[in-house]
Amino acid sequence: MTERDAAFADLARTHGALIARIARSYEANAALAEELVQDIYLNVWQALPSFRGDASLRTFVARIAHNRAISHVARQARAPRFMELDDALPAGAASPEDVVAHADLRAKLEAAVQRLPVNQKVVVTLALEGFQAEEIAAVLGLNVSAATVRLHRAKAALQELLKGST
Amino acid sequence: MTDWDDLERVWRSLPAKAAPAADELRRLARWRWLSTLVVWSEVATAIAGAAVGVWLLVQDDFVLGVATLAFVAAVSWSSWWARSLAPAKADDPVMLAVELAVRRARIGTRLAFAILWSVAASLVFVAVFVLLMDHAVPLGRSSLAILGVVLIWLAVWTGGTLFYLLRRIRDLARLEALKASLVQED
């Protein structure tokens, strides 16, 4: 295994879930979302040798994931697809009520993020992944104050959508 | 209203199985060859055009030879120029990446129009060439075969360019809408 292979495998382990969730926020169709995930991986693999550590690795991955997802949206001929509410319940949760409440909120959250316009979707997905305003600014290529303003607006828009779906 | 920390927790509990699939990566990488193929077919066309130009000069047909070489040089230079205008990296910041994607789609659209005009000019050029040649010496079977290959090649280029142009026009409209959405808060 080459050094690049090892770095890529490590990156996929650490940031695979981030990539999958970003892909799902743009594409509700499971098969197309999976294709988008692989497209992101391909671009990450190709860009990996140019990674110099100027930003963090997850900023690097998030930039590539959003850039590929936006290209994917631009290529899609049909209207954006939104996720149907998923009735499947996660196993191993505390009580049936908790399970239902968690699954309900999860489905509503994913559907709400998918419905956000792209400018807010980018910011919200990063914030939900735990990115701080400085990191969001680095992913977008904005200054921190502009990113902070966007972050507040995007969070408010998401809360509004969630409120509307209850 | 749900607390943001709760939302973060719920978001990160979303099922996210996303391992890189070697087969799928290979399949996607194969598509990258399409753009390489287009570049090589442009190079092949330029070499063939230059060879015809040199052949005409050797045949003492100075005007047609120079015109052919000038035409090939102009088309090749415009293609190279268009490709060099908007280099992008996969990890560019999102705003820059979208800006570059819009620019590339615009350049692609212009390049496709330029190619269509070039094909039209080529057809006129071939027609004049054939008329002049036929006037001097009636065209033989081999000349007609070469003419047929040239016309088929131009038809393939026209079809491919039209397909690309329509796709780029659609891409451009969507990318401009996405760009407008991304910059509307600034």
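pLDDT is the predictor's confidence in each residue, on a scale from 0 to 100. Keep that scale in mind, since this is a predicted model. Colour everything by confidence and start with chain A.

**Stop 1: chain A by confidence**

Which helix of chain A has the lowest confidence, and which element the highest? Select helix α4 (residues 96–115) of chain A for the low end, with a mean of 81. Then select α6(A) for the high end, at 94. Taken as a whole, chain A has a mean pLDDT of 85, and 84% of its residues reach 70 or more.

Now pick residues 83–91 of chain A. Throughout this stretch pLDDT stays under 50. The model gives these residues 13 contacts beyond four places in sequence. As for the model's overall scores, ipTM is 0.81 and pTM is 0.75.

**Stop 2: helix α6 of chain A**

Go back to α6(A), residues 133–140. Is this helix largely enclosed or not? Since 7 of its 8 residues are buried, α6(A) is largely enclosed by the rest of the structure. To see them, select A:A133, A:E135, A:I136, A:A137, A:A138, A:V139 and A:L140. Step just past the end of the helix and you land on A:G141, which takes a positive phi of about 85°.

**Stop 3: where α6 meets α7**

Add helix α7 (residues 144–164) of chain A to the view. Two packed helices are described by the angle between their axes and the distance between the axes. Here α6(A) and α7(A) pack at an angle of about 105°, and their axes are 8 Å apart. That makes α6(A) roughly perpendicular to α7(A).

Which residues make this contact? On the α6(A) side, show A:A133, A:E134, A:I136, A:A137 and A:L140. Facing them from α7(A) are A:V144, A:A147, A:T148 and A:L151. Colour the contact by residue type and you get 7 nonpolar, 1 polar and 1 charged.

**Stop 4: A:R4**

Next, jump to A:R4, in helix α1 (residues 3–26) of chain A. Is A:R4 buried or exposed? It has 11 C-beta neighbours inside 10 Å, so A:R4 counts as exposed; the cut-off for exposed is 12 or fewer. Leaving out residues up to four places away in sequence, A:R4 touches A:L48 and A:P49. Try the distance tool on A:R4 and A:P49: they are 45 residues apart in sequence, yet 7.4 Å apart in space, C-alpha to C-alpha.

**Stop 5: chain B on its own**

Hide chain A for a moment. Chain B has 5 helices and 0 strands. Why call chain B more spread out than a compact globule? Its radius of gyration is 24 Å, well over the 16 Å that the globule rule gives for 186 residues, so chain B is more spread out than such a globule. Its C-alpha atoms fill a box of roughly 85 × 40 × 20 Å along the principal axes. Of the 186 residues, 15% count as buried.

Turn the confidence colours back on: the mean pLDDT of chain B is 82, and 91% of its residues reach 70 or more. Among its elements, α1(B) has the highest mean, 90, and α2(B) the lowest, 81.

**Stop 6: the two chains together**

Bring chain A back. How many residues of chain B are in contact with chain A? There are 39, and they meet 48 residues of chain A. To find the chain B side, select α1 (4–12), α2 (22–58), α4 (94–136) and α5 (141–183) of chain B, the elements that give two or more residues to it. By type, that side of chain B divides into 25 nonpolar, 4 polar and 10 charged residues.

Notes: Residues numbered from 1 in each chain as written. Chains lettered and ligands numbered in written order. Predicted model: local features only at pLDDT ≥ 70, side-chain atom pairs only at ≥ 80, totals over all residues. Contact = placed C-beta atoms within 7 Å. Helix = DSSP H or I, 4+ residues; strand = E, 2+ residues; numbered from the N terminus. Nonpolar A, V, L, I, M, F, W, Y, C, P; charged D, E, K, R; others polar. Axes fitted to C-alpha atoms, helices over the stretch in contact; angles between N-to-C directions. Parallel < 35°, antiparallel > 145°, perpendicular 65-115°, else oblique. Buried ≥ 20, exposed ≤ 12 C-beta atoms within 10 Å, placed from the backbone. Rg over C-alpha atoms; globule rule 2.2 N^0.38 Å.
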